[in-house]
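This report describes one protein chain, shown below. The overall make-up comes before the individual residues.

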Amino acid sequence: LWPEAAGPRLSRMGETSAILGALDAPQRIVLHLAAADRIRARLPDLAGSRASAAAARCVRHLCLARHVVAAEAAIEEHAALAEAHPDAWGDAVRALVAAGSSPGATLFAARVHAAAGRSAEALSLLARLLRARPGEAIRSAIRLQAAAAYVNAGDARRALPRIDRALASS
């Protein structure tokens with residue numbers, strides 16, 4: 001650790017998980033919230049892929065601090081960045097789903113995975129959502145997203161029935 005004006009800074013990021021593992025839960029939550037606040041303060045100065053990566057890190061820290069409602073609000077605020085640069089959002093949306101996000105946020109996570117070329121991960125999330133028996137409105141959105149993920153994966157044969165079913169229910 002190196003002392004700095006803003007607080008101690010790690011000299012090697014590889015030590016992060018060992019240090020976090022040694023702290024108790026309340027201390028980890030405080031650190032994750034502080035990290036999210038620092039990232040949010042810097043976001044207005046960033047653009048493009050750098051802004052997207054920073055927003056994704058902010059969401060991940062909010063999830064790790066168990067502030068799922070704030071994390072879901074952040075994904076709504078930064079959805080355009082996630083759609084434009086989905087590769088930076090993998091860890092953030094995994095943390096969001098692991099934290100117990102809403103069906104809408106889990107659908108967002110599946111969209112991000114599909115857009116980043118992780119169709120199998122997207123389809124796994126979508127299948128889990130359907131098994132939970134959500135309302136009809138979100139079921140149609142899940143089916144359309146599953147069709148898109150199948151198309152992205154190059155499997156149009158599996159996409160067509162999902163499109164037909166979504167259209168029949170709307």
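Helices (H or I, at least four residues) and strands (E, at least two) are DSSP runs, numbered from the N terminus. The model is a predicted one: local features need pLDDT of at least 70, side-chain atom pairs count only at pLDDT 80 or more, and totals for chains, interfaces and linings use all residues. Residue numbers start from 1 along each chain as its sequence is written, and side-chain values use heavy atoms, with hydrogens and water left out.

The chain holds 10 helices and zero strands. Read from the N terminus, the order of elements is α-α-α-α-α-α-α-α-α-α. The accessible surface (Shrake-Rupley method, 1.4 Å probe; for residues, only the protein chains shown count as cover) comes to about 9800 Å², and carbon and sulfur atoms account for 57% of this surface. Buried means under 20% relative accessible area, exposed over 50%, and partly exposed in between, with a 1.4 Å probe and protein chains only. By that measure, 38% of the 170 residues are buried. A contact is a pair of heavy atoms within 4.5 Å. Among contacts between residues at least 6 apart in sequence, 50% join residues at least 24 apart.

His78 lies in the loop between helix H4 (68-77) and helix H5 (79-84). Ala56 belongs to helix H3, and Arg38 to helix H2. Their accessibilities are as follows.

| Residue | Relative accessible area | Class |
|---|---|---|
| Arg38 | 45% | partly exposed |
| Ala56 | 1% | buried |
| His78 | 12% | buried |

Leaving out residues up to four places away in sequence, His78 touches Leu43, Ala55 and Trp89. Under the same exclusion, Ala56 touches Ala88, Trp89 and Ala92. Trp89 is thus listed for His78 and for Ala56. The C-alpha atoms of Ala56 and Val93 are 8.1 Å apart, although 37 residues separate the two along the chain.

On the surface, Arg38, Arg42, Arg50 and Arg57 form a positive patch. At least two of the patch residues come from helix H2 (25-42), and at least two from helix H3 (48-64). Patch residues have over 30% relative accessible area and no salt bridge; like charges are joined within 9 Å, and nonpolar side chains (Val, Leu, Ile, Met, Phe, Trp, Tyr) within 5 Å. A salt bridge puts a side-chain nitrogen of Lys or Arg within 4 Å of a carboxyl oxygen of Asp or Glu. Lys and Arg count as positive, Asp and Glu as negative, while His and the chain ends are not counted. Each charge is placed at NZ of Lys, CZ of Arg, CG of Asp or CD of Glu.
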